[in-house]
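User: Please take a close look at the interior of this protein and walk me through it slowly. I am in my first year, so explain each term when you use it.

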Amino acid sequence: MSGKISVWLALLCVSGYIHNADLRSIQKEGSQCGYQSCHPTKPNMLNVHLVAHTHDDVGWLKTVDQYYYGSETLIQKAGVQYIIDSVVEALLRDPEKRFIYVESAFFFKWWKEQTPKVQDAVKMLVDQGRLEFISGAWSMNDEATTHYQSVIDQFAWGLRMLNDTFGECGRPRVGWQIDPFGHSREMASMFAQMGFDGMFFGRLDYQDKDNRLMTKNAEMIWHGSANLGEETDLFSGALYNNYQAPDGFCFDVLCSDAPIIDGKHSPDNNVKERVDAFFEYVTKMAEHYRTPNLILTMGEDFHYQNADMWYKNLDKLIKYANERQANGSKINLLYSTPSCYLKSLHDAGITWPEKSDDFFPYASDPHAYWTGYFTSRPTLKRFERDGNHFLQVCKQLSALAPKKAVEFEPHLNFMRETLGIMQHHDAITGTEKEKVALDYAKRLSVSFRACGATTRNVLNQLSTPGSARVEDAKYKLDMKTCPLLNITSCPVSEENDRFTLTLYNPLAHVVSEYVRIPVPDTSYKIIDNKGAVLEAQAVPIPAALINIKHRASTAKYELVFLATNIPALGYRTYYIEKTESGEGYKQPRLLPKNKSSVTVIGNSNIKLGFDTNGFLSEVTADGLTKFVSQDFLFYEGAIGNNAEFLNRSSGAYIFRPNENKLHFATEHVEIEVYKGDLVQEVHQKFNDWISQVVRVYAKDSFAEFEWLVGPIPIEDGIGKEVITRFNSDIESQGIFHTDCNGREMIKRQLNHRETWSVKINEAVAGNYYPITTKIDLEDDTARLAILTDRAQGGSSLKDGSLELMVHRRLLRDDAFGVGEALNETEFGEGLIARGKHQLFFGKSSDREGVSLKALERLTQLEKLLPTWKFFSNMEAYTAEEWRTSFTNAFSGVSLVLPKAVHLMTLEPWHENELLVRFEHIMENNEDELYSKPVQFNVKNVLSSFEITGMRETTLDGNAWLDETHRLQFAPDPEQAAFNTYATFDEPQAKAVHLLSAAKPMLGVQYAEEALPAGQLGAQSNRVKRDVTTEEVRKTKRNRKSKLNADEAAKADNGSQEFIIELSPMEIRTFIVYLKEA
């Protein structure tokens, strides 16, 4: 205890240094940041780049604020404010030292607390390259469960804050994804499109890492896109030691490694032994890399709370190591950064291997596949997706507002920053402690209220021109969001006899959408903005939903109607009023049970058949009828003591089913069938805790499966991992496709990895992949695809089969750091989750009209960003008074974009500026029409704004594209692009101890259990293998095509300055300048 007290006294003392420092004498010199600030390396030597860093989780075991302020020390000794205080003080004392910082969420929380003198000192450090920002996003995002729109947004905001504060010297050049649990190809593409020169990461499959180190392929050119060509290539490197310091060289207050003792007469003097050990380490490490440069990460989780401990020992290490050069040593140590290391690799002038797939799934040992977090905390994952949806609505309405209120900007910024935090690799992943997950949800809920105030203001301005005040006032229209529509509950529609529903469309093309409104009975009529009474259908709410104990709702039905032609980037409002009994919509009719033949629901596009046991049994579309079944099953979560690999428990990170056994939820499904002119539904009850509604709307080309799972029972002492599985007779030959963060699809193959001969010890978990929006399979005849409404884990474990994990409840921790079982509860019971899947089925080729792939893409976008529903009490207005008193339809664009083009971003940026992004949502060759390049006039699209000019930027919106020049790296020539295993000696050791993957990383730890050397991928598969795969060649062939007049949609007349072109999968970002008010 006394040792702990002395440690924290030291931290408190250090935290005061910077505020007492005399900063008046600091002179700001000319900026020498970036590559010109790098310390020189020495030729003909092994240059060891020592990177002083800290990894600061934006929430994990503690909440964001607890980590920042350093509270709850019994959980974890971590205080970010002390880290930054201490580092800045140390850097100010010595211009030779360097430090990198990553998490903008923490840095700007600290920055706002500093005096102008301290801020000036920090600006000097940044200008001189002594303090360097790396990555720069609001948090270090996960790469499996995040959607690309959210990732881009949080980078845009973090990089904007750095740019506004520090200018060019604050702009990162290198990505730093050292802790996410696997890495996506789309992330590489986004880094490249943001102008980054390279990226380094820490975690990759233990077999893949062994393979790459043995063949000197740990650093590579990663092809980030199969559609966009070289502009998305990114130099990427796997770090040697995750992101930890070498074993024995952790000099932090949180570590127990011996310091370097250099007292000349001290009996404990250990300089020779420490330098010898360090040289032995780097000499061995150098055998696995191609250049005489090595990067060593000198820091770990929440290190440098007392920076002097680190820097004093690093100074000694550098001094005594480099003194040996006088006696012939060829090793040179220097303070460095990832950027400087990357520049050294570039300047080496050699060629590099290539990669075209991704780094999923990640396994840290033979029985630890990090595929459970693809699904963990499913309701938080969905809440984050709702947050992204509302953030786009808030951005657009903030930009479209006729009059801007002072609170608009802070409201929007708060939601930007909250969604940035949600992308953190221990937030959306579900790998945090439950109380931290609740803190994330609370933050997100507050941000909804903040932006809700903005949307209410703007919609009142647009709906009541001239009468709505900008400042806080009693608005005529409530414009309330009903956050519990996912359980069919909305107080406004349930408690009022007259109310309006305003549907705001965040897409830049007109949409039609089936809408469902919770109501207590069926006596209503719906009137559109032109006074027409709309056709509607009443559907009963399933009993399983009504019986949720904490659902405080009087709604027993949903009114379903088709809202047509909702204006692009605009809204249409509908008036709903209660009628006399019998005058409303018909009571829904329960069809009699069909005990002898197939029950069919559907329309002219798609039909579903259900057998006499209540299960889906067949699907018909495009003239094809195929066997397609759907069922719910669950795996038992493995239970072990985690003392050895084989005894690993399934947990928040790890998916490890017990003996890979599957249990069916039921053998017989209770069903109720409801058919109407707008929608046909089958309500299924599988058991007391799993139910589902399968529906087909009259004009849709897909079927919707709305599932309800929970509370998952654990009375038997067994954790369960629940899946929905679709089986078909499609001959997919072990091949399926999953999306990369919601964008490009990537090929998967059962029991296969593209870059090494994998040994899979967990047949189910080792074949699971992250599904952010879609999974599909096909053969020469038929195609089956499933869209998801949140990130989930999924796979195809046999031909024609797709499975998605929807919920998990486990009773043991998996020993990777979170320290508690994934046993989510709510109101004293297990958590209930509800969600949707859309099923597409039809011909895989030669389909008339639009291809199935294109329909999936278009639907995927409309499900990601459907209309946002705003409800208002309308008791004071009759239908006619409402129609004449308010503007009940509005569009923010005058030129509707083609369906394949998405106005991805429209938001206020700096004063009199908009940040605008357009994207082409199709891949090459997905559709004959929609996969063509497109051309249009931006000024015509955004004609509601007085635009004076625009200039293109990098993807993040913070650097001019025409001034961005990335480092270029040359690929290995094809004749040399193979693994020449014969040039490497067999390892002498008979066994290997894997580096521990558990968090927090506070010193190097190895697994006690030894793996036989032959169990590693590279060591057990010594074969010459061409790694210039067909995918790589295909990537080279599919370099971005240039637009030509015959294949592009013609732009509208107007200034050439505003005409832009988009090729498939291309995103273009612009700053649009507005006329000063």
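Analyst: A polar contact is a pair of N or O atoms within 3.5 Å, where, within protein, one atom must be able to donate a hydrogen and the other to accept it, and residues adjacent in sequence count only if both atoms are side-chain atoms. The model is predicted, so local features need pLDDT of at least 70 and side-chain atom pairs count only at pLDDT 80 or more, while totals for chains, interfaces and linings use all residues. Residues are numbered from 1 along each chain as its sequence is written, and side-chain values use heavy atoms, with hydrogens and water left out.

With that in mind, begin at glutamate 744, which sits in the loop between strand 30 (735-739) and strand 31; strands here are DSSP runs of E, at least two residues in length, numbered from the N terminus. Glutamate 744 has a relative accessible area of 1% and therefore counts as buried, a word that means under 20% relative accessible area with a 1.4 Å probe and protein chains only. Its side chain has two partners to look for: the side chain of serine 225, in a polar contact of 2.4 Å, and the side chain of asparagine 227, at 3.1 Å.

Strand 31, at one end of that loop, leads on to the largest cavity. A cavity is a set of points, on a 1 Å grid over the protein atoms alone, where a 1.4 Å probe fits but cannot get out, and its lining residues have an atom within 4 Å of a point. Points are joined across faces, edges and corners, and the volume is the space filled by probe spheres set on them. Twelve cavities of 30 Å³ or more turn up when the whole structure is searched, and the largest has a volume of about 150 Å³. Its lining consists of 17 residues, and those nearest its centre are Asp357, Asp358, Phe360, Arg753 and Glu754. Strand 31, which covers residues 745-749, contributes three residues to this lining, the most given. Because domain 1 (34-136 + 172-362) and domain 3 (589-848) both supply lining residues, the largest cavity lies between them; the domain bounds come from an automatic or database assignment.

For a second buried position, turn to isoleucine 517, which belongs to strand 15 (residues 511-519) and has a relative accessible area of 0%. Although 21 residues separate isoleucine 517 from alanine 538 in sequence, the two are 9.4 Å apart in space, C-alpha to C-alpha.

Technical notes:
1 Å grid on protein atoms, 1.4 Å probe; cavity = no way out; pocket = protein on both sides within 12 Å on 5 of 7 lines; lining within 4 Å. Helix = DSSP H or I, 4+ residues; strand = E, 2+ residues; numbered from the N terminus. Buried < 20%, exposed > 50% of the residue type's maximum accessible area, 1.4 Å probe, protein only.
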